[in-house]
Amino acid sequence: MHHILHIATLGGSSLMTLLMSVCLTGCTHKELIEDIGIIENPLIAVDYDWNQTETTLPDGMANLFYPIDHDPGSYWRSDFRPAGGTVRMPKGAYDAVTFNNDTENILFSDIDNISEFSFSTSPIVIGDIPAEQLPFPPQKLYGQPDRMWCDIKREIEIRSTVATDTVSFIPKRITRDYHIEMTDITNLQSALRYYAVLSDLTACYSPIRQRQTGPAVSMGGFMSPLDSSSLSSTVTSFGMASDSPHSRLAVYMWLADGERKVYLYDVTDQILQAPDSMNLVIRVKGPSLPEIKPGEGGGGGGLDVGIDDWDFIDIEL
């Protein structure tokens, strides 16, 4: 992992770019980097309080410090392990945001402006589930975000003193995991593939507002067998869309004879009444599939693209 300090541009001209990298290998623990930056600047200690989160921590954290007395477009960046580190920055007042820097599927928008800065994911296409066959129009299908932690600090005052100022963040997980279980499926062996879609989620998060933003979308993922009659999947998102009154689950099944089934459930109550809003469990009873013996059908698993050959079935919980 690399530790980086960076000052962005201000008003189209470069203030300064300072890049220092130190490679830290595997699980070996090395001393934290100190005195990064210009020696005349105050030394700032950055630490993280993980007491309110799970035992599983991210690989590292990025910290963006935005000078309050400058126009939008100027920020300092430092990257540290979850244990924290130290950095030198000019004295002054800052707003700051920290988030884990080990993501792969996150888009960062308007990073130069903390007021508009956001995390998001992108629309995706599942080739044999055409947009016309998504069950919750006009919602689009979006990719799932990586698990993320975040915190903000407002009006931090960095002084020009001999003593070291300390900035303490309390990162909290901002993504939720929806654990989906479909049980009591008859003739599960008749299905070749299974895909779960959860509706009315949000694909965008605003750090400064500390809440989900954007329109309602759907997110999904392929399911895996738990046993001979059960399937499971986990969908990760930033949470439910604020303006959506219902939450619905669709389970797509490609049968061995070429048929395609979509089983629909209203799971609003399960989500609203979940005891743990960050790790939710959604359980539904599965369907009775037709018994398809090996070699029957010859439909190739129903994996060809079509727009009118999905059979939608509503199931009462």
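# Salt bridges, rings and a nonpolar core

A search of the whole structure turns up ten salt bridges. Please keep in mind that this is a predicted model. Aromatic rings are well represented too, with 17 aromatic pairs found across the whole structure. The largest nonpolar core has 31 residues, and strand E16 (191-206) gives the most to this core, with six residues.

**Salt bridges**

- Arg-154 forms a salt bridge with Asp-95, and their closest N and O atoms are 3.3 Å apart. This pair links distant parts of the chain, since Arg-154 is in strand E12 (residues 149-158) and Asp-95 in strand E8 (residues 92-100), 59 residues apart.
- Asp-95 counts as buried because its relative accessibility is 10%, under the 20% cut-off.
- Asp-165 forms a salt bridge with Arg-159, with 2.3 Å between the closest N and O atoms. The two partners sit in unlike surroundings: Asp-165 is buried at a relative accessible area of 7%, whereas Arg-159 is partly exposed at 47%.
- Lys-261 forms a salt bridge with Asp-311, the closest N and O atoms being 3.1 Å apart. Lys-261 lies in strand E21 and Asp-311 in strand E23, so this bridge ties together parts that are 50 residues apart in sequence.
- Lys-261 counts as buried at 12% relative accessibility, while Asp-311 is partly exposed, with a relative accessible area of 33%.
- Arg-147, Arg-173 and Asp-177 are joined into one network by salt bridges that share partners.

**Aromatic rings**

- The ring centres of Phe-117 and Phe-119 are 5.3 Å apart and the planes meet at 85 degrees, so this pair is edge-to-face. Phe-117 is buried at a relative accessible area of 0%, and Phe-119 is buried at 0% as well.
- Trp-254 and Trp-310 form another edge-to-face pair, at 5.2 Å centre to centre and with 80 degrees between the planes. Trp-254 lies in strand E20 and Trp-310 in the loop between E22 and strand E23 (311-314), so the pair ties together parts that are 56 residues apart in sequence.
- Trp-254 and Trp-310 are both buried. Trp-254 also has a charged visitor: the charged end of Arg-193 sits over its ring, 4.3 Å from the centre.
- Phe-117 and Phe-119 belong to a cluster linked by ring pairs, together with Phe-99, Phe-108, Tyr-205 and Phe-238.

**The nonpolar core**

- Tyr-178, Met-182, Met-223, Leu-249, Met-253, Val-267 and Ile-282 touch the most other members of the largest nonpolar core. Among the elements that give two or more residues to this core are strand E15 (176-183), strand E17 (211-222) and strand E20 (248-255).
- Beyond residues up to four places away in sequence, Met-223 touches Ile-180, Met-182, Tyr-194, Tyr-195, Ala-196, Leu-231, Ser-232, Ser-233 and Val-251.
- As background, nonpolar side chains in soluble globular proteins tend to be buried together.

**Ser-190, a buried loop residue**

- Ser-190 is placed in the loop between E15 and E16, and is buried with a relative accessible area of 0%.
- Its side chain reaches two backbone atoms: the oxygen of Pro-290 at 2.7 Å and the nitrogen of Ile-292 at 3.0 Å.
- Leaving aside neighbours within four places in sequence, Ser-190 is in contact with Leu-255, Ala-256, Pro-290, Glu-291 and Ile-292.

How values were computed. Residues are numbered from 1 along each chain as its sequence is written. This is a predicted model: local features need pLDDT of at least 70, side-chain atom pairs count only at pLDDT 80 or more; totals for chains, interfaces and linings use all residues. Side-chain values use heavy atoms; hydrogens and water are left out. A nonpolar core is a set of buried Ala, Val, Leu, Ile, Met, Phe, Trp, Tyr and Cys residues joined through side-chain atoms within 4.5 Å. Buried means under 20% relative accessible area, exposed over 50%, partly exposed in between (1.4 Å probe, protein chains only). Helices (H or I, at least four residues) and strands (E, at least two) are DSSP runs, numbered from the N terminus. Contact means heavy atoms within 4.5 Å. A polar contact is a pair of N or O atoms within 3.5 Å; within protein, one must be able to donate a hydrogen and the other to accept it, and residues adjacent in sequence count only if both atoms are side-chain atoms. Rings of Phe, Tyr and Trp (its six-membered ring) pair if their centres lie within 6.5 Å; planes under 30 degrees apart count as stacked, over 60 as edge-to-face and the rest as tilted. A charge sits over a ring if NZ of Lys or CZ of Arg is within 6 Å of the ring centre and within 35 degrees of the ring normal. A salt bridge is a side-chain nitrogen of Lys or Arg within 4 Å of a carboxyl oxygen of Asp or Glu.
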